[in-house]
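Reader: I would like to understand how the words used for a structure follow from their definitions. Could you take me through some of them carefully?

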Amino acid sequence: MFPTTRLRRLRRTDALRSLVRETTVAADDLILPLFIEEGIDTPVPIAEMPGVSRIPEARLAREIEAIARDGVRAVMLFGISHNKDATGRDTLDPHGLLARMTRTAKDAAPDLVVMTDNCFCEYTDHGHCGVIGDAGGEAQVLNDATLENLARQVVVAADAGADVIAPSAMMDGQIGTIRRALDGAGHEGVPVMAYSTKFASAFYGPFRSASGCDLRGDRKTYQMDPMNAREALRESLEDEAEGADMLMVKPGLAYLDVLAGIRARTLLPLAAYQVSGEYAMIKFAAAAGALDEGRVVRETLGAFKRAGADLILSYFARDVVREGF
Ligand code: PBG
């Protein structure tokens, strides 16, 4: 107790502070999400996410080489499709955008970890994450019909060279279904990073325009209610039981309690996703002169690690890797 105890003793110099620092963030921990659009020639800046552009498919190889040269170790690919339909069939085509961009990225930087976001919302004309059909007289996103398509989609992604399959559709049973499909296709060695606890969040706002998704309605019948912490644990533990290799909480900053709760109950690697709205809040506040962007970014990434994340998906990943910590 004070005056014997003086916590300020270990804060006196920079060197002392770094000796007792409990949490660090490194390039190895970060995954950079990328938006790749087919059928365009020049990058399209995303107004809601200053500093982020849609990469033309034709420039993807060059862009991936540059990203890898900057020191980024892992990317998550999102396709922006010009071939949308009711079911997202383009993702099941070995010559569709998902397969092509995965192959291109992998060829351009073989050492880069290439992850695919496995979902349908960027490839359906209604913007939902699965097949819409009639369930008890009501139009709904059909769970089990979507599972069948997901099983096919992940094999297309793995055949194209994806290092990690990351399903984000929030269908019940998707992890078990995907694991069986991958194993059945000879991809026993391809890990699954489950978007295991994913909330129906307003923080995805900028992503909708970034990914060209015109969603009708909302995702509340499949993504989680942001108010539920116990159910959040169940979602992740269920995915672990179904065979997930890694778990995730999404969004990040508003859900650190959930992250810490899952950390306490699983031995699997755990990811946090700093989503588009979190990125936008920092960017716009910094542009208005209200915040120091670099320091706030490092503080938020540190918060994810402190709360128990091993990996972090962040649109700031490239800047942070390039500029150091
Ligand atoms: C696809 C998907 C979304 C995000 C990642 N994968 C959108 C959504 O679920 O509505 C959001 C990412 C972000 O906001 O940065 N299902």
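Author: Let us begin with pairing: two strands pair if DSSP finds at least two bridges between them, and strands are DSSP runs of E with at least two residues, numbered from the N terminus. This is a predicted model, in which local features need pLDDT of at least 70, side-chain atom pairs count only at pLDDT 80 or more, and totals for chains, interfaces and linings use all residues. Residues are numbered from 1 along each chain as its sequence is written, while side-chain values use heavy atoms, with hydrogens and water left out.

Reader: What makes strand S6 and strand S7 a pair?

Author: Strand S6 (residues 132–135) and strand S7 (residues 138–141) run antiparallel and are joined by 4 bridges, and the definition asks for at least two, so they pair. Ile132 stands opposite Val141 in S7. S6 and S7 form a hairpin with 2 residues between them, and Gly136 in the turn has a positive phi of about 60°.

Reader: Why is the approach of Arg208 to the ligand called a polar contact?

Author: A polar contact is a pair of N or O atoms within 3.5 Å (within protein, one must be able to donate a hydrogen and the other to accept it, and residues adjacent in sequence count only if both atoms are side-chain atoms). An oxygen atom of the ligand is 2.5 Å from an N or O atom in the side chain of Arg208, so the pair qualifies. By the same rule, the 2.7 Å between a ligand oxygen and an N or O atom in the side chain of Lys198 qualifies, and so does the 3.2 Å between a ligand nitrogen and an N or O atom in the side chain of Asp117.
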